[in-house]
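Hi everyone, thanks for coming along. Please have a look at the sequence and the model on the screen, and then I'll walk you through a few places in it.

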Amino acid sequence: MKIYAVGGAVRDELLGLPVKDRDYVVVGATPEGMTRLGYKPVGKDFPVFLHPKTREEYALARTERKTARGYKGFQVYAAPDVTLEQDLSRRDLTINAIARDAQGRIIDPYGGAADLKRGVLRHVSPAFVEDPVRILRVARFAARFGFKVARATLRLMRAMVEAGEADALVPERVWQELAAGLMESAPSKMFALLRNCGALARVLPELAAAWASRARHARSQRALDYAAARGYALEVRYAVLACALAGLPAPERELRHMSARLRAPADSRDLALLALRHFDQIGLSAKLEAEGVVALLQACDAWRRPARFEQLLQAVESCNANRARPFAAAPRLLAALRAARAVDAGAIAARESEAHKIAARMRAARVAAVKSALAVK
């Protein structure tokens, strides 16, 4: 039995990047033998085990054979006669098909180390076309590392899209890869590659329609990278992405369709809808008087969700990053929100017994507080 470190850990070590998770391949072992050594089986589709002490994952060397469409249509063969090279050959990209043995020696049968130096994302074998998730993964790695895609690999990705493989992707997996790509350092590269290979129109048709305009596409790409550069949360980045739909005839409807199909989490979905709905109003909020500011804060549910409102401002700020003038709405609106939330609702409620009068007094008190706050230079 031989154990090799594989995949992302080896890749990131060669790039000089911090390693988060380590995975291992075990050659020449059986499930029964792993269990006798104290490893705990956890794999459902193929033999994967947790180390008894470190809890790191150890997978038996395996090969895969395509049996049906989609990313689950595989028959797995894991046995002691499967070699390391055979196991590495089933991986998506050469940069992920590098191993390191117990003595620290690199095993690189497919030239992954050279592709790391050249900054190239290249498929390992023609079997790349068998898993549509690889289209999304390549796009995500482009966003992470800024690497270019080999021409042959791009041709395979286009062929997969044309063959309908991208249509077999399940929503949960699309969202998983999309969310990860949005959180990379240059998310624009993910969407640029998806657009280039034709996959964007299959997995995100609303965005493909919105980005029919090159100018709108370019603005969205810059806005995404702006949000990434400032370390904004996933919800903010998804809202930035959603703002591209503003040019469509029914943008809110298209956003709802997109979010529902992706099964986007509620926090991301709701913030995106707020950004799309109030983008223009927030951008022009410098012209609003106190009454208009209070109405805007009320519409955004800022009293109960101040942190989400701040995220909303971050999304609008990112989308305005292309403008010649700096985005100045946030400090003014946040000052107004602090003043309005400082109004003592309990004291007002204690003086009134009728609900409609309480609401009216609260609104008047908030308008007065905001007017006073905005008057301060």
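Let's begin at Tyr24, which counts as buried at 17% relative accessibility. Keep in mind as we go that this is a predicted model. Why does 17% earn the word buried? Because buried means under 20% relative accessible area, and Tyr24 falls on that side at 17%. Tyr58 is buried too, at 7% relative accessibility.

I put those two tyrosines side by side for a reason. A search of the whole structure turns up six aromatic pairs. Tyr24 and Tyr58 form a stacked pair, with 4.5 Å from centre to centre and 10° between the planes. That pair links distant parts of the chain, since Tyr24 sits in strand 2, residues 23-27, and Tyr58 in strand 5, 34 residues apart. If those two values seem an odd choice, here is the general idea: a pair of aromatic rings is described by the distance of the centres and the angle of the planes.

Now for another pair, Phe191 and Trp211. Their ring centres are 6.0 Å apart and their planes stand at 75°, so this pair is edge-to-face. It also links distant parts of the chain: Phe191 is in helix 8, residues 187-197, while Trp211 is in the loop between helix 10 (205-210) and helix 11, 20 residues apart. Are Phe191 and Trp211 buried or exposed? Both Phe191 and Trp211 are buried. And before we leave the rings, Tyr24, Tyr39 and Tyr58 form one aromatic cluster.

Trp211 leads us to Ser220, in helix 11, residues 214-229. Ser220 counts as buried, at 10% relative accessibility. Which residues does Ser220 contact, leaving aside its neighbours within four places in sequence? They are Trp211 and Ala244.

Glu177 is another buried residue, with a relative accessible area of 3%. You'll find Glu177 in helix 7, residues 171-182. Not counting residues up to four places away in sequence, Glu177 touches Val133, Leu136, Arg137, Arg140 and Met190.

Next, the cysteines. How many disulfides are there? The count comes to zero. Take Cys243: the closest cysteine sulfur to its own belongs to Cys319, 3.7 Å away, which is too far for a bond. The cut-off behind that is 2.5 Å between the sulfur atoms. Cys243 is buried at 11% relative accessibility, and Cys197 is buried as well, with a relative accessible area of 4%.

Let's move to helix 1, residues 8-15. Its buried residues are Ala9, Val10, Arg11 and Asp12. And what covers them? The cover includes strand 1 (2-6), strand 8 (99-100), strand 9 (106-107), helix 4 (112-118) and helix 5 (133-145). Just after helix 1 comes Gly16, with a positive phi of about 75°.

That positive phi brings up a rule worth knowing. Most residues other than glycine have a negative phi, and most peptide bonds are trans. So let me show you two residues that are not glycine and still have a positive phi. Arg55 has a phi of about 65°, and Asp301 has one of about 55°. Arg55 lies in the loop between strand 4 and strand 5, and it is partly exposed at 43% relative accessibility. Asp301 is found in the loop between helix 15 (290-299) and helix 16 (306-319), and Asp301 is buried, with a relative accessible area of 18%.

Staying with the loop of Arg55, we also meet Lys53, between strand 4 (48-50) and strand 5 (57-60). Lys53 counts as exposed, at 75% relative accessibility. From C-alpha to C-alpha, Lys53 is 35 Å from Leu121, and the two are 68 residues apart in sequence.

Finally, let's zoom out to the whole protein. Its secondary structure comes to 19 helices and 11 strands, and its C-alpha trace spans about 80 × 50 × 35 Å along the principal axes. Of its 377 residues, 47% count as buried. Among contacts with a separation of 6 or more, 65% are between residues 24 or more positions apart. The accessible surface is about 18500 Å², and 51% of that belongs to carbon and sulfur atoms. Last of all, the charges: there are 61 positive and 40 negative ones, and their mean positions are 5 Å apart.

Terms used. Residues numbered from 1 in each chain as written. Predicted model: local features only at pLDDT ≥ 70, side-chain atom pairs only at ≥ 80, totals over all residues. Heavy atoms only, no water. Helix = DSSP H or I, 4+ residues; strand = E, 2+ residues; numbered from the N terminus. Buried < 20%, exposed > 50% of the residue type's maximum accessible area, 1.4 Å probe, protein only. Contact = heavy atoms within 4.5 Å. Areas by Shrake-Rupley, 256 points an atom, 1.4 Å probe, with all protein chains shown as cover. Lys, Arg positive; Asp, Glu negative; His and termini not counted. Charge placed at Lys NZ, Arg CZ, Asp CG, Glu CD. Phe/Tyr/Trp six-rings, centres within 6.5 Å; stacked < 30°, edge-to-face > 60°.
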